Amino acid sequence: MDHNGFSLEARGLVKHFPVTKGIIIKRRLGAVRAVDGVNFTIGQGETFGLVGESGCGKTTTGKLVVMLEKPSAGELLVNGEDVQSFRGAQRRAMRGMIQMVFQNPYSSLNPRMRVGDVIAEPLAAQAGMNKAQRLARVRELASLVGLPIETPELYPHEFSGGQRQRIAVARAMALNPQLIVLDEPVSALDVSIRAQILNLLQRLQRQFGMAYLLISHDLAAVHHLSNRVGVMYLGKLVELASSDDLYRKPLHPYSKLLLAAALPADPTRVREQIALKGEVPNALNPPPGCRFHPRCPVAFDRCSAEEPLLQEVEPGRQVACHLY
């Protein structure tokens, strides 16, 4: 597959889940605004990190990108074409082009299938491959991700968590995708194994040039892998920056709090000590104005009345905050 010039663009992407009450006569109470108008691009061979607390809409964004969910509004463009217009063969090709590795390597693999069949699953849909060719491809993929030669004959329960995540990566690689959505790919693994999987992902990206959408609340992992990072809060992007800029000097109050909470303070550097107060508000009824204002240490009157827009404050850097 031609990897030149792959691009994915989310434009005003929205996903609302209706909330209803009643069994026979359903009354609509409202909607959970999981993703509420996000814009981002992912270019050829780059890694775009998406960070934020649980419940901020990161995973839903990932599911929209791999077409496991349909957007309520907005567009998702792949190489300039809206994926919602794709049908039949075009849609299947698109599915091959964008793959996903899920958070939990224990639940994402079918326990009753041999690993060879698990990895070959995406290949079955591709016409023109016989059984011998499929097995050869499975063996190639297994060795690519560092699994033992006898892997195809074994079952998922015969592997450790780190090995299972390698199986999931091999399956995602089967059709030479141009983008892999990584949803918390290391959060279920032991710390010692995490680095191995992150290094594997980095090596594969260098070798094959695919792009990654890395969804994680593990900020160290995101810094390690990403070129650019989007910080998400309650369905909205509040900051977009290069990975280095964000980690060196976060601008949005929420980004500052996230980084202060996650990364060990560097003893040589004076770090603002700030604690994340309170819980993420309910996405069914987000606060007016800036959604972060009830928890923000520097909020002022305008924040509760008027929603800040994501705008460029420095070259290549966007922030949604009235302070800027």
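The expected span of a helix is taken as 1.5 Å times one less than its number of residues, and the views below come from a predicted model.

**View 1. Helix H5 and its span.** Helix H5 covers residues 161-173. With 13 residues, H5 reaches 18 Å from its first C-alpha to its last, which is close to the 18 Å expected at 1.5 Å a residue.

**View 2. The surroundings of helix H5.** Of the 13 residues of H5, 12 are buried, so this helix is largely enclosed by the rest of the structure. The buried residues include Gly 161 and Gly 162 at the start of the list, Arg 164, Gln 165 and Arg 166, and, further on, Ile 167, Val 169 and Met 173. Ala 168, Ala 170, Arg 171 and Ala 172 are buried as well. The buried residues of H5 pack against strand S6 (98-101), helix H3 (115-124), helix H4 (131-144), strand S7 and helix H6 (191-208).

**View 3. Asn 176, in the loop that follows helix H5.** Asn 176 is found in the loop between helix H5 (161-173) and strand S7 (179-183). Most residues other than glycine have a negative phi. Asn 176, although it is not a glycine, has a positive phi of about 50°. Its relative accessibility is 35%, and Asn 176 therefore counts as partly exposed.

**View 4. Asn 79, in the loop between strands S4 and S5.** Asn 79 lies between strand S4 (73-78) and strand S5 (81-82). A positive phi of about 50° is found at Asn 79 too, although this residue is not a glycine. Asn 79 counts as partly exposed because its relative accessibility is 38%.

**View 5. The aromatic pair of Tyr 233 and Phe 292.** A search of the whole structure finds four aromatic pairs. One of them joins Tyr 233 and Phe 292 in an edge-to-face arrangement, with 5.0 Å centre to centre and 80° between the planes. This pair links distant parts of the chain, as Tyr 233 belongs to strand S9 (residues 228-233) whereas Phe 292 sits in the loop between helix H9 (253-262) and helix H10 (301-305), 59 residues apart. Tyr 233 has a relative accessibility of 2% and so counts as buried, and Phe 292, with a relative accessible area of 1%, is also buried.

**View 6. The ring cluster around the same pair.** Ring pairs link Tyr 233 and Phe 292 with Tyr 254, and these three residues make up a cluster.

Note on methods. Residues are numbered from 1 along each chain as its sequence is written. This is a predicted model: local features need pLDDT of at least 70, side-chain atom pairs count only at pLDDT 80 or more; totals for chains, interfaces and linings use all residues. Side-chain values use heavy atoms; hydrogens and water are left out. Helices (H or I, at least four residues) and strands (E, at least two) are DSSP runs, numbered from the N terminus. Buried means under 20% relative accessible area, exposed over 50%, partly exposed in between (1.4 Å probe, protein chains only). Contact means heavy atoms within 4.5 Å. Rings of Phe, Tyr and Trp (its six-membered ring) pair if their centres lie within 6.5 Å; planes under 30 degrees apart count as stacked, over 60 as edge-to-face and the rest as tilted.
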